[in-house]
Structure formats: C-alpha cells, structure tokens
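This report describes the strand pairing, the pocket and selected loop residues of one protein chain. The structure is shown first, and the description follows.

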Amino acid sequence: DLDRNWRWMNDAETARLVNGRTYAVPLAAEEAWLRERIEKPMSFERVFFAIETKKGQHIGNVDITGASPEDRWGWLGVMIGEPSYRSRGLGRDAIRTMLRFGFDEMNLEVVRLQVWSFNERAIACYRRCGFIEEARLRSDIYAEGAWHANVVMSITRDEFAATEATA
C-alpha cells in the first residue's frame, strides 16, 4: 500500500483536500506514517482500514482516531485517494460503514470530523451522511492565496440511527 498512499499524497488535488496544501511528501515520511498505523495493533484509540472496491482494489483509507472509552467520541478521517473513484458514492459508503463500526462496535456516542471549507464536495457528502456543522475555525489555514476555515462537523448515535432508518 505504500506506493499507492505515497502517490495519492503527492497528487496535488488529493494533498490540497487532505492537508490544505500541495507540498511534496517524501517517500520516507509516507512510509513512517503508514508503518506507524500497521505496526501498532488496532486499539480503541485508533482504528484504520483500507477502502477497497468489490474487486479488491485499494482506493483509499478511513479511520477513527482519538477515541476514549470514557468520553465515547472520536475523529473520523476518510480519503478516496484514487481520483477516478471520487464522486461515485464510495466515500459515502465507507463513511457509513465506519459510522456503523464506531457506533455499534466501539459504542461511541459522537463521531466528529474536520474539513477545509473549500472542500465543498466532502462537506456535501458529510451532510448527506447526517453530519451537522458544529463550528468554523475561521482563518485556520492559509492556502492558495487566501484564508480558509476549518469546519468541524459531528453526528450522534441517535442522528445516525435516524438516517439508517430512512436509508
């Protein structure tokens, strides 16, 4: 998965959407990031999965991090790295699958995420999944010659259950 992840993070559009910037990522840095995720066993604090097509092609990653059994909330991260698979509903499917895991298996009460305000496609996807905007950290990143907000969104267990009932 290293070569794929490295290629994705060095794709200008992917890097812009994930990090807000298009800096090159050295192979060694991507290897260290990936190694950290696979060498440590999954834990309540961090679950990390590959997103694959039905044919087994790895097209992205999804995780929940920062969770604790006491607080019962965590941060969702999702990336469709293969550009040709974006805007096809696969991110939405991965998010809903991860939310089921978070609420049913981890017994979380809330799942939160952060997204750059210029990533309108992702924000629309999160809203379709039932996420609600909680806050905008104004002027949180300077990219492409302008200041942008960091949008914090969340969904509760009950809100997700309501979307599952209508899906």
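Two strands are taken to pair if DSSP finds at least two bridges between them. The model discussed here is predicted.

## Overall sheet

Six strands make up an open sheet with mixed pairing, and their order is β1-β2-β3-β4-β6-β5. The edges are formed by β1 (46–52) and β5 (132–143), each of which pairs on one side only. From one strand to the next, the twist averages 25 degrees.

## Strand β4 and its neighbours

Strand β4 spans residues 110–116 and is mostly covered, with six of its seven residues buried. A residue counts as buried when its relative accessible area is under 20%. In the sheet order, β4 stands between β3 and β6.

On one side, β4 runs parallel to strand β3 (residues 73–80), and three bridges join the two. Within this pairing, Trp 75 is placed opposite Arg 112 of β4. The connection from β3 to β4 passes through helix α4 (residues 90–105), and the resulting β-α-β crossover is right-handed.

On the other side, seven bridges link β4 to strand β6 (residues 146–156), and these two strands run antiparallel. Two residue pairs illustrate the register: Val 115 stands opposite Val 151 in β6, and Gln 114 has Val 152 as its bridge partner in β6.

## Pairing of β2 with β3

Strand β3 also pairs with β2, in the antiparallel sense, over six bridges. One of the residues involved is Val 62, whose bridge partner in β3 is Val 78. Val 78 appears again in the pocket, among the residues closest to the centre of the largest pocket.

## The largest pocket

The largest pocket holds about 1200 Å³ of space. It is lined by 45 residues, and those closest to its centre are Val 18, Gly 77, Val 78, Met 79 and Tyr 126. By residue class, the lining consists of 24 nonpolar, twelve polar and nine charged residues.

Several elements contribute to this lining. At least two residues each come from the helices α1 (2–9), α2 (12–19), α3 (27–39), α4 and α5 (120–128), and likewise from the strands β2 (58–65), β3 and β4. Strand β3 gives the most, with six residues. Strand β3 thus takes part in the pocket lining as well as in pairing with β2 and β4.

## Loop residues with positive phi

Which residue other than glycine has a positive phi in the loop between β2 and β3? Arg 72 has a phi of about 60 degrees, although it is not a glycine, and it is found in the loop between β2 and β3. Its relative accessible area is 28%, and because partly exposed residues lie between 20% and 50%, Arg 72 is partly exposed.

Asn 107 likewise is not a glycine, and its phi is positive, near 60 degrees. Asn 107 is found in the loop between α4 and β4. With a relative accessible area of 40%, Asn 107 is partly exposed, because this value falls between the limits of 20% and 50%.

Terms used:
Residues are numbered from 1 along each chain as its sequence is written. This is a predicted model: local features need pLDDT of at least 70, side-chain atom pairs count only at pLDDT 80 or more; totals for chains, interfaces and linings use all residues. Side-chain values use heavy atoms; hydrogens and water are left out. Buried means under 20% relative accessible area, exposed over 50%, partly exposed in between (1.4 Å probe, protein chains only). Helices (H or I, at least four residues) and strands (E, at least two) are DSSP runs, numbered from the N terminus. A crossover is right-handed if, with the strands pointing away from the viewer, the path from the first strand over the helix to the second runs clockwise. On a 1 Å grid over the protein atoms alone, a cavity is a set of points where a 1.4 Å probe fits but cannot get out, and a pocket is an open set with protein on both sides within 12 Å along at least five of seven lines; lining residues have an atom within 4 Å of a point. Grid points are joined across faces, edges and corners, and a volume is the space filled by probe spheres set on the points. Ala, Val, Leu, Ile, Met, Phe, Trp, Tyr, Cys and Pro count as nonpolar, Asp, Glu, Lys and Arg as charged, and the others, Gly among them, as polar. Axes are lines fitted to C-alpha atoms, for helices over the stretch in contact, and angles run from 0 to 180 degrees between N-to-C directions.
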